[in-house]
Amino acid sequence: MAKINLQDIPVSKINPAPYNPRRELQPGEHEYETIEQSLAEFDLVEPLVWNKRTGNLVSGHQRFKILKARGEKTVPCSVVDLPIEKEKALNITLNNPNVGGDWDEQLLGNLLKELESQMPDLYDSLNMAPLRQEADLQMRGGMDENGSHLSGFEEPEDELPGPPEMDLLPYEHYDYIVVFFKDSRDFLSAMDHFGLQKVKVPGYVGKKTIGVGRVINGSKYMQRVKELEARAQAAKTPAKKGAAA
C-alpha cells in the first residue's frame, strides 16, 4: 500500500528550489492575493512536497512564501527522498497542467455557476470567473492556442463591437483615464451607470485570460457626474414653503 510520509518541517530547513521554473509571485499581485485568500479560507489542505536529501522544496513555492510571510514556524510536508535529477522531474510533473484529466466542461460550468450564486464573495476572491468563462467558451466551440475560433464557432460580428471611430483632427488631442474592475459585478454596475450595452465577449483567449473594455466619451461622463451632483444637492436642500396667501 502506498503511504505518504507526512511531517511538520521547520521553515528554516526548507529551501525554495533555485531551478523552480514557476515565476515567483509578489504581494499585491492578483494571483498572490488569490492564493493568500485560499489559505485564509481553507488553510493548508494540501501539503507541500519537500526533499529531505537536498532540503529543497519540490512543490508549493507560492504557498510556502505566503505561509512564511504570515509567521508559520513549521509547515506540513509530504517528505520524499530523491536524487536531484528525480527531484527536478517531480517538480515539473507536479506543476505540469497537462498531467491529469481534462475538465467535463458542462459539470464544471454548472458547479461554478452554483458557487457564484451561493458564495459570490468567495467566488470573486478566489478568481473563479476566468475558469467559468473558459468552460462556457469551450462548450460553445472554443478557440485554438492562437486565439482563433475553432471550426463551428463564430461570434456574430455585431456582438463584438470595438471602440467608437474617432476622426483625428489637426491640433486636437484626446486625453483618457482607464478604470479597471477585478469584480465583474462592479463592472456591470458601471455599465448600468453609464447606459452601456451589454454584449457577450469571450473572457478567455488561448492560454491567457482577458477582460472586457469599453471606451466612453469623456464629456458624457462629466455630464453624468454633474447630473448626479445636482440630484445630491437637491436632496440636501430643504423645500421652500409656499408664499402666504
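**Overview of the predicted fold**

Of the 245 residues in the protein chain, 24% are buried. The model described here is a predicted one, and a good way into it is through its overall composition. Its secondary structure amounts to 8 helices and 7 strands. The accessible surface of the chain is about 18,100 Å², and carbon and sulfur atoms account for 54% of it. Among the contacts with a separation of 6 or more, 70% join residues that are 24 or more positions apart.

With that background, the sheet is a helpful place to begin. Five strands form an open sheet, and reading across it gives the order β1-β5-β3-β4-β2, with mixed pairing. Strands β1 (6-10) and β2 occupy the edges; each has a single partner strand, so one side of each is left without a neighbour in the sheet. Further in, β3 pairs with β5 in the parallel sense over 4 bridges, and leucine 48 stands opposite cysteine 77 of β5. The pairing of β3 with β4 is antiparallel and covers 2 bridges; here tryptophan 50 is found opposite leucine 57 of β4. These two strands form a hairpin with 4 residues between them, in which glycine 55 adopts a positive phi near 80°.

Which way do the side chains of β3 point? In a regular strand, side chains alternate between the two faces of the sheet. In β3, Leu48 and Trp50 point one way while Val49 and Asn51 point the other, and all are buried.

Two helices can be placed against this sheet. Helix α2 lies across β2, β3, β4 and β5 and runs at about 125° to β4. Helix α3 lies across β3 and β4, at about 35° to β4. Within α2, which spans residues 61-69, the buried residues are His61, Gln62, Arg63, Phe64, Ile66 and Leu67. The partners against which the buried residues of α2 pack include strands β2 (15-16), β3 (48-51), β4 (56-59) and β5 (74-80). Helices α1 (30-42) and α3 (84-95) are also packed against by these residues. After α2 comes glycine 71, with a positive phi near 95°.

One residue of α2 deserves a closer look. Glutamine 62, which belongs to this helix, has a relative accessible area of 17%; it is therefore buried, the cut-off being under 20%. A polar atom of the glutamine 62 side chain lies 3.3 Å from the backbone nitrogen of leucine 25. When residues up to four places away in sequence are not counted, glutamine 62 touches Arg22, Arg23, Glu24, Leu25 and Ile35. Leucine 25 thus appears both in the polar contact and in the list of residues touched.

Helix α1 offers two further residues to compare. Threonine 34 lies in this helix and counts as buried, because its relative accessibility is 14%. Leaving aside neighbours within four places in sequence, threonine 34 is in contact with Ser125, Leu126 and Asn127. Phenylalanine 42 also lies in α1, but its relative accessibility is 43%, so this residue counts as partly exposed. With residues up to four places away in sequence again not counted, phenylalanine 42 touches Leu122 and Leu126. Leu126 is therefore a contact of threonine 34 and of phenylalanine 42, while the accessibility class is buried for threonine 34 and partly exposed for phenylalanine 42.The loop between α1 and β3 contains aspartate 43. What is the sign of phi at aspartate 43, which is not a glycine? Most residues other than glycine have a negative phi. Aspartate 43, however, has a positive phi of about 65°. This residue is partly exposed, with a relative accessible area of 45%. Positive phi values are also found at glycine 55, in the hairpin of β3 and β4, and at glycine 71, following α2.

Technical notes
Residues numbered from 1 in each chain as written. Heavy atoms only, no water. Buried < 20%, exposed > 50% of the residue type's maximum accessible area, 1.4 Å probe, protein only. Contact = heavy atoms within 4.5 Å. Pairing = 2+ DSSP bridges. Polar contact = N/O pair within 3.5 Å; in protein donor to acceptor, adjacent residues only side chain to side chain. Axes fitted to C-alpha atoms, helices over the stretch in contact; angles between N-to-C directions. Areas by Shrake-Rupley, 256 points an atom, 1.4 Å probe, with all protein chains shown as cover.
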